[in-house]
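This briefing covers three topics in turn: model confidence, one helix, and the surroundings of one arginine. It is meant to be read alongside the sequence and the coordinates.

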Amino acid sequence: MKEPDTPHDTPAHGPTERRTLRARAVFAVDAFLYRRGFARGPVRLLARTLILLAALLLALGLAFLPLASWPFWLGAGAVFAAWNFFSMAHFIQRFFFHAAATQAGTKNLMAGQIIRANLRLFITGIFLYTALMHWGANPFALVAGLSLAVLTIPFLPLLERKER
């Protein structure tokens with residue numbers, strides 16, 4: 001039997017037209033992650049949850065921006081948390097779950113990851129500094145948004161149970 005191209009590309013899920021907006025969004029993000037090498041279920045589930053939560057929080061923050069700025073900063077922090085988690089999880093999936101890497105390839109992969117991780121931290125730091133000092137961001141909202149990954153991990157078993 002042929003392996004499905006995407007995680008939900010099976011007859012049990014039915015045609016795309018009958019799916020709700022939420023189901024289509026979940027399917028699209030799941031397929032995006034699957035194509036990028038997120039083959040492990042729990043990691044893909046957590047990355048998908050973070051991406052969808054960050055998008056929802058940012059959209060709600062933009063909608064409520066005329067009333068208050070803290071929902072926007074919560075969403076902006078969540079986007080940075082999702083981006084950082086996505087990048088680290090993508091590296092871990094490539095490095096630890098692909099046993100065919102050569103020793104030289106492993107060294108290059110580690111050096112590249114160190115450079116990318118430090119660049120991501122630098123970009124996040126510049127954003128935080130600019131948001132706090134120049135744009136008057138709410139620091140509690142930014143910290144809450146940046147903590148999204150840590151706050152989501154304890155709920156992973158509940159999300160996995162709901163998936164079944």
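In this predicted model, helix α7 (residues 156-163) has the lowest mean pLDDT among the elements of the protein chain, at 74, and helix α5 (residues 139-146) has the highest, at 94. Across the protein chain the pLDDT averages 82, and 80% of the residues score at least 70.

**Confidence at low-scoring stretches**

- Residues 1-6 have a pLDDT below 50, and the model gives this stretch eight contacts beyond near neighbours in sequence.
- Over residues 9-13 the pLDDT likewise stays under 50, with four contacts beyond four places in sequence.
- Predicted coordinates should not be read in detail where pLDDT is low.

**Helix α2**

- Helix α2 covers residues 41-63; at 1.5 Å a residue, its 23 residues should span 33 Å, and the end C-alpha atoms are indeed 33 Å apart, in agreement with that expectation.
- The buried residues in α2 are Arg-44, Leu-45, Leu-46, Ala-47, Arg-48, Thr-49, Leu-50, Ala-54 and Gly-61.

**Arg-120 and its surroundings**

- Arg-120 lies in helix α4, which comprises residues 103-133.
- Although buried, Arg-120 has no salt bridge; Asp-30, the nearest side chain of opposite charge, is 20 Å away.
- A polar contact of 3.3 Å links the side chain of Arg-120 to the side chain of Asn-84.
- Apart from neighbours within four places in sequence, Arg-120 is in contact with Trp-83, Asn-84, Ser-87, Met-88 and Gln-113.

Definitions and conventions:
Residues numbered from 1 in each chain as written. Heavy atoms only, no water. Helix = DSSP H or I, 4+ residues; strand = E, 2+ residues; numbered from the N terminus. Expected span 1.5 Å × (residues − 1). Buried < 20%, exposed > 50% of the residue type's maximum accessible area, 1.4 Å probe, protein only. pLDDT = per-residue confidence, 0-100. Contact = heavy atoms within 4.5 Å. Lys, Arg positive; Asp, Glu negative; His and termini not counted. Salt bridge = Lys/Arg side-chain N within 4 Å of Asp/Glu carboxyl O. Polar contact = N/O pair within 3.5 Å; in protein donor to acceptor, adjacent residues only side chain to side chain.
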